[in-house]
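Welcome! Please take a look at the model below, and then we can walk through some helix packing and a pocket together.

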Amino acid sequence: MKLHLVPARTGAEWVRLGLKTFWRQPLAFISLFFLLMALISTVSLLPLVGSVLAPVLLPFMTLGLMVATSVAYTDNAEGIGTEGHTQRPTGSAMFIAVAGAMRAEWRSLVKLGVISALYFVVAVLLTTFVDGGQLAKAYLLDEALTPEVMASSDFQVARMLLMCLNLPLSLAMWHAPALVHWHRVEPVKSVFFSVVALFRNFGAYALFGLAWLGVFLIAGIGIGLIATVVIGFGAVGGGAGAAAIGNVLIVGMALVLAAMSMSSTWFTFRDSFDPN
């Protein structure tokens with residue numbers, strides 16, 4: 001395994017391939033994404049330990065969606081029907097492959113998860129220098145926050161600081177689960193190689209992010225207009241549930257867009273690391 005340098009325009013190609021592969025089996029991708037999100041959300045609700053255990057599951061989610069994408073794309077590229085048409089991958093094949101990958105690599109994924117959890121705890125504790133520990137108490141001790149505390153400038157700055165501190169963690173875990181699965185890299189080394197790959201191919205990843213930002217903006221405008229129309233008709237007709245329907249559309253589309261974006265991460269991994 002060695003790092004493969006790619007031109008900046010490859011970032012846009014990753015987005016195109018991700019969108020194309022997602023729409024070959026959208027229900028399977030959405031179901032897998034919602035299943036993994038529901039599992040992480042459920043674990044995060046556990047008293048005291050939930051906020052620490054949830055990051056442990058994030059590498060499982062990353063690898064699961066990468067494996068699903070690899071199966072969908074491979075079937076797209078290689079599966080030719082009897083009449084010469086490309087066969088669509090089955091959702092069951094994608095779920096079976098994801099389950100097999102998680103079962104085979106669960107020890108390495110747990111190690112990556114522990115690294116994520118430890119980093120998260122340290123990042124949360126660092127925010128105590130800004131807001132006196134209010135955010136840390138909320139995340140680590142499940143302490144209820146008053147509206148006054150949440151509205152305070154110190155608390156808002158602490159939240160922004162936590163977001164910034166979590167950015168290196170996102171970079172470190174971008175390729176790490178895939179590296180331990182497809183290249184058998186040790187968990188700690190996979191974190192290092194993940195960061196190196198993103199910085200060495202910075203142009204491609206920057207364009208990748210900008211392209212997805214454009215997709216999000218266009219989709220957001222579209223769903224916002226639809227939600228506005230729905231709410232408007234509900235207001236005219238006296239429908240009390242129109243606003244709720246509009247909110248469901250917005251939240252649902254946001255989750256679908258998140259699933260779509262994660263379906264393209266496998267292509268970033270495939271092109272960043274040369275197996276030969």
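Is the crossing of H1 and H13 right-handed or left-handed? In this predicted model, H1 and H13 cross in a right-handed way.

## Helices H1 and H13

Let's stay with this pair for a moment. Helix H1 covers residues 10–22 and helix H13 covers residues 265–272, and the two pack at an angle of about 135 degrees with their axes 8 Å apart. Angles that are neither under 35 degrees, over 145 nor within 65 to 115 count as oblique, so H1 is oblique to H13.

On the H1 side, the contact is made by Thr10, Trp14, Leu17, Gly18 and Thr21, while H13 brings Phe267, Thr268, Arg270, Asp271 and Ser272. Sorted by class, the contact of H1 with H13 has 5 polar, 3 nonpolar and 2 charged residues.

## Helices H4 and H8

Next comes another helix pair. H4 and H8 have axes 9 Å apart and pack at an angle of about 155 degrees, which means that H4 is roughly antiparallel to H8. H4 passes H8 in a right-handed crossing.

From H4, the residues Ser116, Tyr119, Phe120, Ala123, Val124 and Leu126 meet Leu161, Leu162, Leu165, Asn166, Pro168 and Leu169 of H8. By class, the contact of H4 with H8 divides into 10 nonpolar and 2 polar residues, with no charged ones.

## The largest pocket

Now for the open space, which may be of interest if you work with ligands. The largest pocket has a volume of about 1,200 Å³. Its lining is made up of 30 residues, and Thr62, Leu169, Ser170, Leu171 and Trp174 lie nearest the centre of the pocket. Leu169 also appears in the contact between H4 and H8, on the H8 side.

Which elements give two or more residues to this lining? They are helix H3 (50–78), helix H4 (91–126), helix H8 (153–172), helix H10 (187–200), helix H11 (202–237) and helix H12 (242–262). H3 gives the largest share, with 8 residues. As for chemistry, the lining of the largest pocket has 22 nonpolar and 8 polar residues, and no charged residues.

Key
Residues numbered from 1 in each chain as written. Predicted model: local features only at pLDDT ≥ 70, side-chain atom pairs only at ≥ 80, totals over all residues. Heavy atoms only, no water. 1 Å grid on protein atoms, 1.4 Å probe; cavity = no way out; pocket = protein on both sides within 12 Å on 5 of 7 lines; lining within 4 Å. Points joined across faces, edges and corners; volume = space filled by probe spheres on them. Helix = DSSP H or I, 4+ residues; strand = E, 2+ residues; numbered from the N terminus. Nonpolar A, V, L, I, M, F, W, Y, C, P; charged D, E, K, R; others polar. Axes fitted to C-alpha atoms, helices over the stretch in contact; angles between N-to-C directions. Left-handed = near helix turned anticlockwise from the far one by under 90°. Contact = heavy atoms within 4.5 Å.
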